[in-house]
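Colleague: Could you take me through the nonpolar core of this one, slowly? I'm new to this, so please explain the terms as you go.

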Amino acid sequence: MERFFNIAGPCVAAKHYMLPAVERLPEVVGLIRRELYFVVHAPRQSGKTTALKQLVRDINGSGERVAMYCSLEALQNVTKVESAMPMAISLICEAMRIVPALAAFQQFWRENADANAVPFQYREAYPHLVLQAFLQRVINGGGQIVREM
């Protein structure tokens with residue numbers, strides 16, 4: 001497929017001519033490193049979504065931090081906070097892929113949560129250790145629990 005200049009919707013580097021996101025938002029990288037908030041405000045069709053999605057890919061690719069993209073555009077006509085907050089939480093959870101993560105944790109729990117197999121005194125701590133092991137697995141992109149007896 002021949003690349004072209006996209007004028008509608010997010011750009012995809014393999015399909016469209018585009019500038020790298022970091023070049024369009026050079027100050028954002030410093031703000032992220034300092035763990036500060038930022039807002040991207042620009043006219044329609046100026047590349048905000050494309051830049052943010054590329055920034056997320058760059059951040060996640062670096063292995064230093066984890067980033068996600070979540071559009072709350074679906075809430076633009078919601079006027080009551082009571083309605084907007086559950087919807088926002090749902091959109092954020094969807095963007096974070098919480099449901100698959102919970103399913104993966106449930107499976108991990110079933111495979112590793114036998115506190116009776118633990119050779120130490122404080123069995124009440126074991127669920128926390130299993131959760132930590134799961135989260136470590138998520139961070140490291142895999143791995144396994146090795147029990148020492």
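Modeller: Here is a walk through the core, with a short stop at a second one. A quick note on the ground rules: this is a predicted model, where local features need pLDDT of at least 70, side-chain atom pairs count only at pLDDT 80 or more, and totals for chains, interfaces and linings use all residues. Residues are numbered from 1 along each chain as its sequence is written, and side-chain values use heavy atoms, with hydrogens and water left out.

Now the term itself: a nonpolar core is a set of buried Ala, Val, Leu, Ile, Met, Phe, Trp, Tyr and Cys residues joined through side-chain atoms within 4.5 Å. Buried means under 20% relative accessible area, exposed means over 50%, and partly exposed is in between (1.4 Å probe, protein chains only). In soluble globular proteins, nonpolar side chains tend to be buried together.

Here the largest such core is made of eight residues: Leu 25, Val 28, Ile 32, Ala 51, Leu 55, Val 56, Ile 59 and Ala 67. At least two of them come from helix 2 (26-33), and at least two from helix 3 (48-62). Helix 3 is the top contributor, giving four residues. Helices, by the way, are DSSP runs (H or I, at least four residues), numbered from the N terminus.

Zoom in on Ile 32 and you'll find that, leaving out residues up to four places away in sequence, this side touches Phe 38, Leu 55, Ile 59 and Arg 65; contact means heavy atoms within 4.5 Å.

There's also a second, separate core of five residues, among them Phe 105, Phe 108, Tyr 126 and Val 130.
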